[in-house]
Amino acid sequence: MTDEEHFEQMMSDFEIDHDKMHEIIEEHASAGDLVVASEVLPTGLPIIPLRPRPAFPGIMIPLVLNGQAQVAAMQKAMEHQAQTIGLVMVRDLDEEDSAENLHQVGVAAKIIKVLHTEKNAAHVLVNSMERFVIEEIQESGLTLYARVRYHFATELSVNPELRAYSMAILSTLKELVQINPLYSEEIKLFLNRSSLEDPGRLADFAANLTSSDGQQLQEILATFDVRKRIDKVLVLLKKELEVSRLQTKISKQIEEKISAQQREFFLREQLKAIKQELGLEKEGKDTEIEKFQKRLKKLKLNEEAERAVEDEMEKLQLIEPASPEYNVSRNYLDWLTILPWGVFSKDSYNIERARRILDRDHYGLKDVKERILEFIAVGKMKGDISGSILCLVGPPGVGKTSIGHSIAGALGREFFRFSLGGMRDEAEIKGHRRTYIGAMPGKFIQAMKTAGTANPVIMLDEVDKIGASFQGDPASALLEVLDPEQNGSFRDHYLDVPFDLSNVLFIATANQLDTIPRPLLDRMEMMRLSGYILEEKLEIAKRYLIPKALKSHGLQRGQVSIQKAALKQIIDGYAREAGVRNLEKQIKKIMRRAAMAFAEDEQLPKVTISRRDLVHYLERPVFTADEIFEGVPGVVTGLAWTSLGGATLQIEATAMAARAKGFKQTGQLGNVMVESSEIAYSYVMAHIADFGGDPEFFDKHFIHLHVPAGATPKDGPSAGITMATALASIITGKVVKKKLGMTGELTLTGRVLPIGGLKEKTIAARRAGLKTLVFPEDNRKDYDELPDYLKEGLEVHFVKIFKDVYRIVF
């Protein structure tokens, strides 16, 4: 049989055989029985797939039909006298409607009423009647048609066992009604339409009442044996009962919590009303305004700021506290009224007091202290020190930040410090505009609020490490703040009114000046902190570092003693940098080991650290003694400056016989240093006769110049005369004087130009044990400013031209 014949046969089954129907009616009428509707249901039905749960017999349900296929199936059913459709649940909810995606067992339902119809949607009321099993299914256009075989509900004699099951279902349903009264209406409707003597119908009704998932309900629908069906339904009902109990418990807890919060809210509102009636408390808004007005009485705002405060006060009085604008306005007024407008601390210009404070907090740094005292003396004569921006430049750990504290203490001013290192957003300096959520003023206005006075000392740490990004250039924003001509009316983006920063003493710190923008550098007065020599570090360790370390480790004075020789070895072998930060770390390491010794042996009276004990406490030295390689032609000691202080630099030259002249440099030299070596080579080659060398020496030799420590990058012009001396030494075969070091820039004409970092280089020379130094003549004034203890025992020569250098070193 073809597919078309199958379909025609199924459609013919959809029609009820009227002759057969009349025979059935007559047969039952003669027996005195009623005709059961199930006996005349059609065996061919249009199918409507159901989601997400199946329908059960004996229950009237509303259906929402979506899509052209379901509406077409409903319309086909309405065209025939039976007006019956098949309701079958889909297997996979995510798959499309198809014959393969349908379960085998469904329910035949009679369409009672079509409530609403649209183009591709309809609302219908159906009465589900009997179960069926799909024997054959086929698609015609958009509609699914199935040949079905019915499983009619047989009337059972209710035995005691089935009655017990029915009573168990009813008992569970009663418990459900007590927990959830919504079930009661459905149960009443069922009792009006069905009998309790039909356990099958009761099981179907109970299953339909649960919130179980569709697959579990489909399993019950496909269970034709009433006894087994009731067993499964009872399990679902028990689960539903447990879920309902848990849901009720959770709801009760939430209601109790909400009730407690509401009760607390009402009590607070009543208490607030009572206090207001008694005059004990005012509205939140009134309290805020009164607080702002009280602050304003102690301040001296400028004219523009006064107008801004008045306007904002009027605005605040009109805004409801619940409005988002209220908090914006309140925060703005809070900042305007908390700043120290016209509030100044009294400056102390007592020079002796300032000297005592500086000497108490710092050892050495005599030149820096004198500059600070001169600075205070000028303030005393002038009456104020406004418009001053200092910049302390030096290696890490030399005391730049602590000197800022000391200056604030000497002047009797408040101190505020913040770091500019890594700052990339301009808003950090000038604040955010109030249009942004979470807007706040910049660092300077925050500093004024924290300090509480309009003339604090503000330290700008790490000004050489300030960054720039797409969010702006903080260094450019600093120009206004650090310009004495502009900062008298500094306008923060958040405040949007001028604030006077001209009375603030700004102190910036930096490790180097190369990365600071030139316009910013021009606004600051430089003070260099070059670092400490061994003798200074020794005194700092005795006076400050050791007592501080003892206290921080819970040790008493005298419990741990570090001998002088051991301290010198720590400074020279473990902490050779310009500052004392690493020295402090090494002392703390010793204190930790000593604390461990006291903890393990409570009878231990004292720990004494000698030079030999350092290997146990600090392991092997990090630095070895600066080896000055001397006594060989072509080897000269130079002096160099680094960001960590001064250092010695060995320069070596050698000559190799060759057919053609040549010159090579090694030692990871920078561009400037390579150029200096080429200038030295050209100068010595041009004046070889003046040095007593063979005029054809360079034509027959290849010259190699090397600066040891090849892994360390080196650059700068100050090694010019050192390189020229090494070349002169190699062509003459003469050895440079022992314990001699030099520094200076060389030109092609033989002039010696001045260099920087003379103090650091002198300190490095003393540390390396050099006795004779050669400096450019133009650096004489810098050398004269050095403290006497640095110059003691040194033989220093100042030169203008290289020939003077040659005469001194050989």
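# A tour from a salt bridge outward

Begin by selecting R417 and D461, whose side chains meet in a salt bridge at 2.7 Å, N to O. R417 lies in strand β8 and D461 in strand β9, so this pair ties together parts of the chain that are 44 residues apart in sequence. Colour the two residues by accessibility: R417 has 39% relative accessibility and therefore counts as partly exposed, whereas D461, at 5% relative accessibility, counts as buried. Keep in mind throughout that this is a predicted model.

Next, select E462 and K465, where the side chains form a salt bridge of 2.9 Å, N to O. E462 counts as partly exposed because its relative accessibility is 25%, and K465 counts as partly exposed because its value is 38%. Then show R131, D204 and R229 together, since these residues are joined into one network by salt bridges that share partners.

## The parallel sheet

Now display strands β8, β9, β12, β7 and β13 as a cartoon. These 5 strands form an open sheet with parallel pairing, and the order to follow across it is β8-β9-β12-β7-β13. At the edges are β8 (415-419) and β13 (525-528), each of which pairs on one side only. Looking along the sheet, you should find a twist that averages 20° from one strand to the next.

Moving inward from the β8 edge, select residues 457-461, which make up β9, together with residues 505-510, which make up β12; these strands run parallel and are joined by 4 bridges. As a point of reference in this pair, V457 stands opposite L505 of β12.

Continue to strand β7, residues 389-393. Is this strand mostly covered, or mostly uncovered? Of its 5 residues, 5 are buried, and the strand is mostly covered. Both faces take part in this: I389, C391 and V393 are buried on one side, and L390 and L392 are buried on the other. Two of these residues also serve as markers for the pairing of β7 with its neighbours. Toward β12, which runs parallel to β7 and is joined to it by 5 bridges, the bridge partner of C391 is A508. Toward β13, where the pairing is again in the parallel sense and extends over 4 bridges, the bridge partner of V393 is R528.

## A helix pair

Select helix α13, residues 366-382, and helix α14, residues 400-411, and view the two together. Their axes come within 12 Å and cross at roughly 35°, and the crossing in which α13 passes α14 is right-handed. To see which side chains fill the contact, show V368, I372 and I376 in α13, which meet I403, I407, A410 and L411 in α14.

## Strand β3 and its partners

Move to an earlier part of the chain and select residues 84-89, which form strand β3. This strand is mostly covered, with 6 of its 6 residues buried. The burial again involves both faces, with T84, G86 and V88 on one side and I85, L87 and M89 on the other.

Add strand β1, residues 44-50, which runs parallel to β3 and is joined to it by 4 bridges; here L50 stands opposite M89 of β3. Then add strand β4, residues 105-117, which is also joined to β3 by 4 bridges but runs antiparallel to it; in β4, A109 is the bridge partner of I85.

## A buried charged pair

Select E130 and R201, which form a salt bridge in which the closest N and O atoms are 3.4 Å apart. This pair links distant parts of the chain, with E130 in strand β5 (residues 121-140), R201 in helix α6 (residues 199-209), and their positions 71 residues apart. Both E130 and R201 are buried. Across the whole model, the count comes to 35 salt bridges.

## Where to read with caution

Finally, colour the chain by pLDDT. The average over the protein chain is 83, and 90% of the residues score at least 70. Select residues 13-22, where the pLDDT is below 50, and note that this stretch has 17 contacts in the model beyond near neighbours in sequence. Residues 24-39 also have a pLDDT below 50, and that stretch has 11 contacts beyond near neighbours in sequence.

Key: Residues are numbered from 1 along each chain as its sequence is written. This is a predicted model: local features need pLDDT of at least 70, side-chain atom pairs count only at pLDDT 80 or more; totals for chains, interfaces and linings use all residues. Side-chain values use heavy atoms; hydrogens and water are left out. pLDDT is the predictor's confidence in each residue, from 0 to 100. Contact means heavy atoms within 4.5 Å. Two strands pair if DSSP finds at least two bridges between them. Axes are lines fitted to C-alpha atoms, for helices over the stretch in contact, and angles run from 0 to 180 degrees between N-to-C directions. Buried means under 20% relative accessible area, exposed over 50%, partly exposed in between (1.4 Å probe, protein chains only). A salt bridge is a side-chain nitrogen of Lys or Arg within 4 Å of a carboxyl oxygen of Asp or Glu. A crossing is left-handed if the near helix is turned anticlockwise from the far one by less than a right angle, and right-handed if clockwise.
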